[in-house]
Amino acid sequence: MTYDLDPELVSVMAALAEQAAAALAPARGDWKTLRQAGEVGQAYLATLVPPYSGVQTATFHATTTDGASIELRWYIKPAEQAAAEPGPAVVYAHGGGMVLGTLDLYDELISWYVDRTGVPFLSVGYRRAPDEGTGTALSRDVFAGLTWLLTTASELGVDPARVAVMGDSGGGAPAAGAAILARDRGIALARQILVYPMLDDRNQTPDPGRAAYLTWTYDNNHTAWSAVLGDQIGTDGVSPVAAPARLADYAGLPPAYIDVGDLDIFRDEAIAYAQNLARAGVPIELHVHPAVPHGWERFAPNSSSARRAMADRARAVASI
């Protein structure tokens, strides 16, 4: 099988490859270097977010089930919040393989979503693996943010029946895990929006056909999942709250919007998750974008495929 790269991404990918060749790649298992390098990359991507305006933020805190305090960042567009009736909101889990990323590094992207849709977002500063939290703790942190929002909904002008969870990349697991926790506790969410989500710790077998295009590698994936799960990675004892692809019963989960690139190592697990949801009677919207790798719309935001993807995500958010 031969894969082709979107022609609009060729020059960008070549520049990224040149930068990568000049940097020391994190060794397999070295989560500290992966975090350091990844956050440099996320800071650069933040500079490429399309312009936005009029978004305000406020900081809150939630207490987790084990008594920790986590930061919550609330994003609103005041002009849109002037409506008399309560409206929708999104609880967001940032990307970074569950080992890197911060609220600050996602300020620009989340502000863009809020500006584009008028829907307020609550970004959750979940604890990252392995030094801050492991296993199901990450999803439980996002769930703590969700329950905080639901209990504070009237003060924030939010309709509790119109709350969604959303996560990209490594944030996909804690977002989907929070949706599982919500279902199991009788909390009906309006939607789960999963952007090239990282869902399955067992995805460790490289596909040589896509090797030349990977922006998140199988070594990165092993490092990240090992940080989250330790010696449990790949074993039968992994909880679906930590790795949602392990779920056996998908019934009752919220409707899902899922998108992923064809050159992304998360492609197959994202498709499988959508299929399992559909088999359980859960409405889905699935997009597999041809000829693009993981995170392509962040580093090539002006490409046609990126503009389509961002427009579709904004539409999914605005329809909550």
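# Close-up views of a predicted model

**View 1. Arg-127 and its salt-bridge partner Asp-66.** At 16% relative accessibility, Arg-127 counts as buried, because that value falls under the 20% limit used for buried residues. The model shown here and in the views that follow is a predicted one. Asp-66, by contrast, has a relative accessibility of 52% and therefore counts as exposed, the limit for that class being over 50%. The two side chains form a salt bridge in which the closest N and O atoms are 3.1 Å apart. Because Arg-127 sits in the loop between β4 (121-124) and α4 (137-151), while Asp-66 sits in the loop between β1 (56-63) and β2 (69-76), the pair ties together parts that are 61 residues apart in sequence.

**View 2. The cis peptide bond before Pro-130.** The bond that runs from Ala-129 to Pro-130 is cis, and its omega angle is near -10°. Pro-130 belongs to the loop between β4 and α4, and Arg-127 of the preceding view is also placed in the loop between these two elements.

**View 3. Arg-73 in a network of salt bridges.** Asp-107 and Arg-73 form a salt bridge whose closest N and O atoms lie 3.0 Å apart. This pair links distant parts of the chain, since Asp-107 is in helix α3 (residues 107-117) and Arg-73 is in strand β2, 34 residues apart. With a relative accessibility of 10%, Arg-73 counts as buried. The pair is part of a network of salt bridges that links Glu-71, Arg-73, Asp-104 and Asp-107.

**View 4. A salt bridge between helix α10 and strand β8.** Here the side chains of Arg-315 and Glu-285 meet in a salt bridge, with an N to O distance of 2.5 Å. Arg-315 is located in helix α10 (residues 304-318) and Glu-285 in strand β8 (residues 284-289), so that this contact ties together parts of the chain 30 residues apart in sequence. At 39% relative accessibility, Arg-315 counts as partly exposed, and Glu-285, at 25%, counts as partly exposed as well.

**View 5. Ser-169, a residue with positive phi.** Although Ser-169 is not a glycine, its phi angle is positive, at about 55°. The residue is placed in the loop between β5 (158-168) and α6 (172-184). Its relative accessible area is 8%, and Ser-169 is therefore buried.

**View 6. Tyr-196, another residue with positive phi.** Tyr-196 is a residue other than glycine, yet its phi angle takes a positive value near 30°. The loop that holds Tyr-196 is the one between β6 (191-195) and α7 (218-229). With a relative accessibility of 2%, Tyr-196 counts as buried.

**View 7. Pro-240 and its surroundings.** Pro-240 is found in the loop between α7 and β7 (256-261), and its relative accessible area of 24% makes this proline partly exposed. When residues up to four places away in sequence are not counted, Pro-240 touches Ile-180, Arg-246 and Leu-247. The C-alpha atoms of Pro-240 and Ala-176 are 9.3 Å apart in space, although the two residues are 64 residues apart in sequence.

**View 8. The whole chain, as a frame for the close-ups.** The protein has 10 helices and 8 strands, and along its principal axes the C-alpha trace spans about 55 × 45 × 35 Å. Its radius of gyration is 18 Å, which agrees with the value near 20 Å that a compact globule of 320 residues would have. Buried residues account for 55% of the 320 residues. Among the contacts between residues at least 6 apart in sequence, 77% join residues that are at least 24 apart. About 12,900 Å² of the protein is exposed, and carbon and sulfur atoms supply 52% of that area. The structure holds 20 salt bridges, among them the one between Arg-127 and Asp-66. There are 23 positive and 36 negative side chains in the protein, and the centres of these two sets lie 3 Å apart.

Key:
Residues numbered from 1 in each chain as written. Predicted model: local features only at pLDDT ≥ 70, side-chain atom pairs only at ≥ 80, totals over all residues. Heavy atoms only, no water. Helix = DSSP H or I, 4+ residues; strand = E, 2+ residues; numbered from the N terminus. Rg over C-alpha atoms; globule rule 2.2 N^0.38 Å. Buried < 20%, exposed > 50% of the residue type's maximum accessible area, 1.4 Å probe, protein only. Contact = heavy atoms within 4.5 Å. Areas by Shrake-Rupley, 256 points an atom, 1.4 Å probe, with all protein chains shown as cover. Lys, Arg positive; Asp, Glu negative; His and termini not counted. Charge placed at Lys NZ, Arg CZ, Asp CG, Glu CD. Salt bridge = Lys/Arg side-chain N within 4 Å of Asp/Glu carboxyl O.
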